[in-house]
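Work through the exercises below with the sequence and the model in view. Try each task before you read its solution.

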Amino acid sequence: MSTIKISEALYDVSYRVQLIRDGLLNTGQLDLAKWQSSRPLQGLKILDVGCGGGILSESSNENAVARQNTKQYLTKTFHFLKNGGLLIFQPLARIGAEVTGIDASQNMIDRANLHAQKDTKIGKSVTYICATIEEHMNEHKDFYNAVVASEVLEHVTHKDLFLEACVSTLKPGGSIFITTLNRTLLMWAAGIVMAEYVLGLVPKGTHELNKCVKPHEVQALLERYGCSTKLVHGMMYNFLSNEWFWSPNTNINYALQAVRKYQ
């Protein structure tokens, strides 16, 4: 199997969409009849946070060059925008959600808008904004039914400020969904050494072990900001079947859902 096919599968979002849809059902934001319909997320406002608080906000010039190379690599190789919102937004919009994507890169936002305009079925359901989560939070407090931060938290330096801003945009009873990397030796061996330096599935230097975060650390921060964790799932990739599957093992990748409590 080619590394290009594996790389594309690594960014497959079908299981993320399932996580969001089922998570909203399990926390009462969807009823069963709506969940079984073709547009279960109809009427829900969802925010997808790109790299507003993470990759693009780092100050190091050397890191900035590496980050820009990473984005160019992903765009050229996979023909989509990982951090511009296309991955998760369009599937969510197709099942009824009103989605807003934020990213600190105007170039990424422009390209995402061009791509969205080609799909007339979802064009009016997707909005892209060039902003950080901290900027977006100021005018969107208690606004969204769900916030998605997928493959972002492992790039964020100030995770406390980032998560506080994300939670503040949620309506009480709304859910935050996070997918990220655990800070373990197994993740370092598989997610960094193997994926970046041996197989070349992602550019070298994309991830730093010390920026990865353990599930209980995320849970503690979310609890501090008024959220209750509802689930933590491990995410594993099967190289033989070329697909992701859920697992109780959170040692490499994991997904987490938490709900903002009513005050």
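**Before you start.** This is a predicted model, in which local features need pLDDT of at least 70, side-chain atom pairs count only at pLDDT 80 or more, and totals for chains, interfaces and linings use all residues. Residues are numbered from 1 along each chain as its sequence is written, and side-chain values use heavy atoms, with hydrogens and water left out.

**Exercise 1.** Place Asp142, then state its phi and its exposure.

*Solution.*
- Find the loop between helix H7 (133-137) and strand S4 (144-150); Asp142 sits there. Helices (H or I, at least four residues) and strands (E, at least two) are DSSP runs, numbered from the N terminus.
- Read the backbone: phi of Asp142 is positive, about 55°, although the residue is not a glycine.
- Apply the cut-offs: buried means under 20% relative accessible area, exposed over 50%, partly exposed in between (1.4 Å probe, protein chains only).
- Asp142 has a relative accessible area of 42%, so it is partly exposed.

**Exercise 2.** Is Glu151 buried or exposed?

*Solution.*
- Locate Glu151 in the loop between S4 and H8.
- Its phi is positive too, about 60°, and Glu151 is not a glycine.
- The relative accessible area is 10%, so Glu151 is buried.

**Exercise 3.** Check the span of helix H2 (residues 14-26).

*Solution.*
- Take the rule: the expected span is 1.5 Å times one less than the number of residues.
- H2 has 13 residues, so it should span 18 Å.
- Its end C-alpha atoms are 18 Å apart, which agrees.
- Now look just past the helix: Gly28 follows H2, with a positive phi near 85°.

**Exercise 4.** Describe how H8 (residues 159-168) packs on H10 (residues 215-224).

*Solution.*
- Compare the axes: they are 9 Å apart, at an angle of about 50°. Axes are lines fitted to C-alpha atoms, for helices over the stretch in contact, and angles run from 0 to 180 degrees between N-to-C directions.
- That angle makes H8 oblique to H10. Under 35 degrees is roughly parallel, over 145 roughly antiparallel, 65 to 115 roughly perpendicular, and the rest oblique.
- List the contact residues (heavy atoms within 4.5 Å). H8 gives Lys159, Asp160, Leu163 and Val167; H10 gives Val218, Leu221, Leu222 and Arg224.

**Exercise 5.** How many helices and strands are in the protein?

*Solution.*
- Count the runs: there are 10 helices and eight strands.
- Add the burial figure: 54% of the 263 residues are buried.
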